[in-house]
Amino acid sequence: MKLKTYFSLVLTGAALAVSGAAQAWPDRPIELVVGFAPGGGTDITARTLAKFLEDELGKPVTVINKPGASGAIGLAYVGRSKPDGYTIGMTNMPGLVSLPIERDAGFTLDSFTYLGNLVRDPSAFSVTMDSPYKSVKDIIEKAKASPEEISYGSTGVGTDDHLALVLFEDESSADLNHVPYNGAGPLRNAVLGGHTAVGGMNLGEAMPYHGKNLRILAQASEERSPLAPDVPTFKEQGVDLVFASERGIVGPKGIPEDVTASLRGALKKIAASPEFQKHMQQQFTEMDYLDGDEWLARLKAADERFRKLWLETPWTE
C-alpha cells in the first residue's frame, strides 16, 4: 500500500470516527439542574420535563437540585459547566434577568445557550384558611396602618415572588415585611405552619392546596386564568399587578450547534405534545413556548425593563 493511500485511509477513518461521535450524542445521562429546593413549581415542571426528555433523547435525564441564593447557585453551576449538552438547567424568570442586575450572581445573560421557554405561572398571594386577611384590600389596609407588621414570604431576593411584592407595594403604597426562603416548598410549609402571614407563591404552586389548606387571594394575570377561574386578579381588586414566572431551559454558552439543535428540537416537540400539555394543565401551569432565539430576544427586553426598575425601586432584603 502506498504511503499516500495509507494516510488517506487513516484520515478518512478519523473523520468517520468524529462524525460518528457527534451523531452519538447523547451517549450518557443528562443533568437537569434546578436552583430551588424540591417541591416548588420549577422543580415539579423540571421533573415532568425530564421524563419527556428521556423519551426524546433516549438517555436518562436526572433532576439535580442546587438551591440557594434565589436560584443563582444552580444557574451559576450550569453557566460554568462544560458546554457539551450533558448539563442543562431550568430557569425561572425574572431571576434569570434580575439576579445579575442586583449583584454578582456568578452568571449573566451571556453565560448561556438558550434552548427554549416552556411555560408561565402567574404570581399569586396566598394565606391560610383561617387567616384574618380575606382579600387584597384587607392586606393593604393593615399594611398601611401597621407598616412591616405583615410578613410576606418569597422564594428568594430578586425572584418573581419577591419582585411581585416590590411591584405590589409600589402600586398600593402598602409596606410588608419580606422574608425569603429557598424555594416554594419551604415557603409553603412556612405559611401552613403560621411562620409567615402571606405566601408569594405562583398560582400553580398554590392551586393544589387552594380551598383545603390555603386560600389564594389574588392572581397576577390580565384576566382570570381558566385553570383557576374562582381566583380573582389583582386588577379586579384595584391593584394593577400583572406578573408571572417564566420557566425555560438553558445550557452553558458554547454548546455545539448540532447538540443545540437536538435539544431545541426535543423541547419544541415536547411543548407541542398533548400529553405534556395535559401534565402542565394538571399542575395549573400555562403553556408559553418560545424557541431559543425568540426567548432570548424577550429576555433582553426584560433586562432593559428590570434595569430601569432597579434604578427606580431597588429590591433588597
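The following exchange concerns the nonpolar cores and strand β3 of a predicted model.

User: How many residues does the largest nonpolar core have?
Analyst: In this predicted model, the residues with the most contacts inside the largest nonpolar core include Leu96, Phe107 and Ile139. Among the elements that give two or more residues to this core are α4 (95-102), α6 (160-172) and α11 (292-312). The size of this largest core is 48 residues.

User: Which residues does Leu96 touch, not counting residues up to four places away in sequence?
Analyst: Leu96 is one of the residues with the most contacts inside the largest core. With residues up to four places away in sequence not counted, Leu96 touches Leu75, Thr91, Phe107, Leu109, Phe112, Tyr114, Trp295 and Leu299.

User: Is strand β3 mostly covered or mostly uncovered?
Analyst: Strand β3 spans residues 87-93, and 7 of its 7 residues are buried. Thr87, Gly89, Thr91 and Met93 point one way, while Ile88, Met90 and Asn92 point the other way, and all are buried. Strand β3 is therefore mostly covered, since buried means under 20% relative accessible area.

User: Which residue of β10 stands opposite Met93?
Analyst: Strand β3 pairs with strand β1 (residues 30-34) in the parallel sense over 4 bridges, and there Leu32 stands opposite Ile88. With strand β10 (residues 244-252), β3 pairs in the antiparallel sense over 5 bridges. In β10, the residue opposite Met93 is Glu246.

Notes: Residues are numbered from 1 along each chain as its sequence is written. This is a predicted model: local features need pLDDT of at least 70, side-chain atom pairs count only at pLDDT 80 or more; totals for chains, interfaces and linings use all residues. Side-chain values use heavy atoms; hydrogens and water are left out. A nonpolar core is a set of buried Ala, Val, Leu, Ile, Met, Phe, Trp, Tyr and Cys residues joined through side-chain atoms within 4.5 Å. Buried means under 20% relative accessible area, exposed over 50%, partly exposed in between (1.4 Å probe, protein chains only). Contact means heavy atoms within 4.5 Å. Two strands pair if DSSP finds at least two bridges between them.
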